[in-house]
Amino acid sequence: MTKVAVWCRHEGDNIIGIGSEIPWHIKSDFQRFRRITTGQNIVAGQSTYESFPNRTLPNRNIYILTFEEDYKVSDDKHHFVVNDVNFFKDFSEDIYISGGASIYKLFMTGSAKLLPDIIVDCVYKGEINHNSEGIKVNITPCIEVLDKKYKQVFEFELDNITTRVMVVKGEFVEQSVLKRIILAITDV
Ligand SMILES: NC(=O)c1ccc[n+]([C@@H]2O[C@H](COP(=O)([O-])OP(=O)(O)OC[C@H]3O[C@@H](n4cnc5c(N)ncnc54)[C@H](OP(=O)(O)O)[C@@H]3O)[C@@H](O)[C@H]2O)c1
């Protein structure tokens, strides 16, 4: 299993959301996420899952982390409830950790020792929409781990977003997965 985390954060403050929204709307950002994750297993927190249109993303399996044992999903065939992150220790297929902040932190700073092998670190350099209602959600603790434990293997610039592909220093990374991700990023 290769564990991949994918996020887009605002440069400088590491904000990934305000309330339940991503406070920027850049088409190529959504398209990149779709290309990277199509056909794959996504892991998302309950709040992020609820923010997907109709609580779904086509052509992907979604593993929803929630403490609620009888949480109802919108698609019984492709969506699965997970109550304990340790479930992924015995998982054999690749996973794409897709937020939100509590889930990135769970994998990157939690005691379960499930550090992602690869991180697609998209950094948005434009203005954020401060009209969005709610609390600003940031992933600064994850960026501290990223800066310390990862090295950059690829960089790509598009629409004011720098996409950096990062891998854990000194660890083997499945090259076919890395290649697929880089192709998905550059296939614009
Ligand atoms: N920019 C990006 O790339 C990006 C990507 C994704 C999301 N976002 C943004 O991130 C924000 C949402 O992040 P968030 O941190 O508030 O919410 P979240 O991580 O999406 O979901 C939080 C929920 O996950 C469940 N959870 C958390 N830890 C768990 C654990 N250890 N075991 C089982 N379940 C657990 C809990 O669900 P229950 O309450 O049901 O128990 C918790 O309320 C939004 O603003 C969204 O737009 C941004």
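Modeller: Before we start, helices (H or I, at least four residues) and strands (E, at least two) are DSSP runs, numbered from the N terminus. In this predicted model, Gly-100 lies in the loop between strand 6 (95-97) and helix 3.

Colleague: Thanks! What makes the peptide bond between Gly-99 and Gly-100 cis?

Modeller: Its omega is about -5°. As a general matter, most peptide bonds are trans. Gly-99 and Gly-100 also turn up at the ligand: they are among the closest of the 26 residues that surround the ligand, along with Gly-17, Gly-45 and Thr-48.

Colleague: Which elements give two or more residues to that shell around the ligand?

Modeller: Strand 1 (3-10), strand 2 (15-18), helix 2 (46-51) and helix 3 do. The residues of the shell divide into 11 nonpolar, 13 polar and 2 charged. Glycine counts as polar in that division.

Colleague: Let's stay with helix 3. Which of its residues are buried?

Modeller: In helix 3 (residues 101-109), the buried ones are Ala-101, Ile-103, Tyr-104, Phe-107 and Met-108.

Colleague: And how do you know that they sit on the same side of helix 3?

Modeller: Around the axis they cover an arc of only 165°, so they fall on the same side of helix 3. The general background helps here: an α-helix has 3.6 residues a turn, so residues three or four places apart point the same way.

Colleague: Now to the loops. Why is Asn-59 called exposed?

Modeller: The cut-off for exposed is 12 or fewer C-beta neighbours within 10 Å. Asn-59 has 10 inside 10 Å, so Asn-59 counts as exposed. You will find Asn-59 in the loop between helix 2 and strand 4 (61-65). Its phi is near 60°, a positive value in a residue other than glycine.

Colleague: What about Asn-160: why does Asn-160 get the label partly exposed?

Modeller: Buried needs 20 or more neighbours, exposed 12 or fewer, and partly exposed lies in between. Asn-160 has 15 C-beta neighbours inside 10 Å, so the label is partly exposed. Asn-160 sits in the loop between strand 9 (150-158) and strand 10 (161-168). Asn-160 is not a glycine, yet its phi is positive, about 70°.

Colleague: Finally, the protein as a whole. Why do you call it as compact as a globular protein of that length?

Modeller: The protein has 5 helices and 10 strands. Its radius of gyration is 16 Å, close to the 16 Å that the globule rule gives for 188 residues, so the description fits. Buried residues make up 32% of the 188 residues.

How values were computed. Residues numbered from 1 in each chain as written. Predicted model: local features only at pLDDT ≥ 70, side-chain atom pairs only at ≥ 80, totals over all residues. Arc of directions from axis to C-beta. Near = placed C-beta within 6 Å. Rg over C-alpha atoms; globule rule 2.2 N^0.38 Å.
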